[in-house]
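The following questions and answers concern a ligand and the residues around it. Please examine the structure before reading on.

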Amino acid sequence: MDFHLTEEQELIRKTAREFAEKHLAPGVITRDEKAEFPAQQVKMMGELGFMGMMVPEKWNGAGLDAVSYVIAIEEISRVDASAGVIMSVNNSLVCQIFVEWANEQQCKKYLTRLATGELLGAFSLSEPQSGSDASNMRTIAVKDGDSYVLNGTKNWVTNGINSDLVLVFAITQKGIGYKGISAFIVEKGTPGFSTGKKEDKLGIRGSDTCELYFEDCRVPAGNLIGEEGLGFRIALHTLDGGRIGIASQALGIAKAALDHSIEYAKERKQFGKPIAQFGAIQSKIARMATRIEAARLLIWQAAKLKDEHKSYVKEASMAKLFASQTAVDAARDCVQIHGGYGYMQEYGVERLMRDAKITQIYEGTSEIQEMVIAREVLKGSA
Ligand code: CAA
């Protein structure tokens with residue numbers, strides 16, 4: 001495997017890093033405190049091509065590969081993990097469903113605008129009673145003439161409030177389990193579709209999360225994606241790509257923890273010398289640095305397999321499982337290295353600890369990633 005980035009990939013890293021330092025770093029602590037959505041910055045990310053990175057140019061996307069995409073997500077999340085998840089959901093869950101499953105008309109109408117950041121998308125699979133057991137949903141969509149009528153409640157929808165459209169998974173045929181699930185495009189403002197309150201979260205507070213309610217919500221039949229019954233396959237296949245995005249978000253958080261730790265350990269003096277000279281600190285920094293490299297390699301491997309149109313189910317889950325644990329551990333050690341200062345909000349490192357945790361939960365908990373990996377390994381694809 002070639003570990004070298006192309007000139008274009010290096011340029012993407014540089015552009016994403018400069019953008020993040022210049023436009024996301026200022027105000028990141030306040031946005032976290034006040035749970036403010038970075039609306040202006042998301043628009044700018046759209047202008048840079050970051051909201052539709054893997055969308056073909058034909059649909060106004062940047063036409064880039066998955067390796068470029070994970071590099072950009074890492075850099076954005078290194079500064080602001082909330083911006084990282086907003087970008088990840090729009091790219092890997094929403095745009096990608098259009099690219100792989102939607103028809104020309106749907107792509108023309110929506111994807112061309114999602115890819116530029118003119119529209120923001122959300123993906124809505126989970127329900128109050130179904131998180132990990134995703135197919136156990138109750139939201140139903142009943143065909144009525146040339147429309148479907150949706151009823152149900154969705155949970156924990158990232159971008160739910162600020163999005164212009166939501167991809168909704170609902171049952172079109174009862175009694176046949178996941179084979180009866182279908183996927184729909186639902187525009188904001190459709191009568192019968194409303195959003196709940198913005199959830200008050202532990203971390204990634206700059207991104208919005210909410211419930212969605214569908215009460216006799218009539219959606220044109222032309223908004224069905226693919227065919228009836230394909231919904232669950234669409235969701236799981238898409239989540240494989242999403243997991244690479246979240247793994248990269250976790251990697252960005254871990255890298256931020258390492259960078260802050262190095263800077264502080266070199267500056268902070270105790271017992272007459274910089275704390276970087278103490279073995280206990282060096283051990284934490286060495287572990288962080290090693291695991292970050294390992295996480296990056298797992299992520300790049302999965303992204304490369306995706307680019308080569310090969311199966312990457314196991315590799316995406318491994319990347320997410322490992323990168324999210326790395327982020328949680330690195331952020332905790334970063335706070336420890338900072339001591340009392342690390343516990344204070346103004347140093348910006350306690351936020352890393354809060355932001356890191358979600359990467360072990362959404363787009364499949366660590367327990368689900370282990371289940372997916374074990375299934376793949378046991379069926380002999382290891
Ligand atoms: N790609 C495509 N199809 C897949 C697939 C994949 N990776 N994995 C399974 N399938 C197919 C199977 O082949 C099967 O279809 P066929 O019968 O046609 O072959 C069908 O899907 C059902 O598969 P399973 O029997 O394996 O399904 P399961 O009910 O046992 O569930 C699971 C498997 C891995 C546990 C799955 O439910 C899962 O991933 N759960 C976690 C849900 C999740 O990640 N939710 C995230 C919510 S979105 C989010 O978090 C976004 C955000 O806010 C940031």
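Q: Which of the 25 residues around the ligand come nearest?
A: In this predicted model, a residue counts as near when one of its heavy atoms lies within 4 Å of the ligand. Of the 25 residues around the ligand, those that come nearest are Thr 158, Tyr 178, Asp 240, Glu 363 and Arg 375.

Q: How many Å separate an oxygen atom of the ligand from an N or O atom in the side chain of Tyr 178?
A: A polar contact is a pair of N or O atoms within 3.5 Å. Thr 158 places a polar side-chain atom 2.6 Å from an oxygen atom of the ligand, while Glu 363 uses a backbone N or O atom, at 2.8 Å from a ligand oxygen. For the side chain of Tyr 178, the separation is 2.3 Å.

Q: What percentage of the area that the ligand exposes when taken alone does the protein bury?
A: The ligand takes up the space of the largest pocket. Taken alone, the ligand exposes 1100 Å². Of that area, the protein buries 75%.

Q: Which element supplies the largest share of the shell around the ligand?
A: At least two shell residues come from each of α5 (81–101), β3 (147–158), α7 (231–267) and α11 (366–378). The largest share is 7 residues, and it comes from α7.

Q: How many residues of the shell around the ligand are nonpolar?
A: Domain 2 (122–229) and domain 3 (232–380) each contribute at least three residues to the shell. By class, the shell has 6 polar and 5 charged residues, and the number of nonpolar residues is 14.

Terms used
Residues numbered from 1 in each chain as written. Predicted model: local features only at pLDDT ≥ 70, side-chain atom pairs only at ≥ 80, totals over all residues. Heavy atoms only, no water. Polar contact = N/O pair within 3.5 Å; in protein donor to acceptor, adjacent residues only side chain to side chain. Areas by Shrake-Rupley, 256 points an atom, 1.4 Å probe, with all protein chains shown as cover. 1 Å grid on protein atoms, 1.4 Å probe; cavity = no way out; pocket = protein on both sides within 12 Å on 5 of 7 lines; lining within 4 Å. Sits in = over half its atoms within 2 Å of the grid points. Helix = DSSP H or I, 4+ residues; strand = E, 2+ residues; numbered from the N terminus. Nonpolar A, V, L, I, M, F, W, Y, C, P; charged D, E, K, R; others polar. Domains from an automatic or database assignment.
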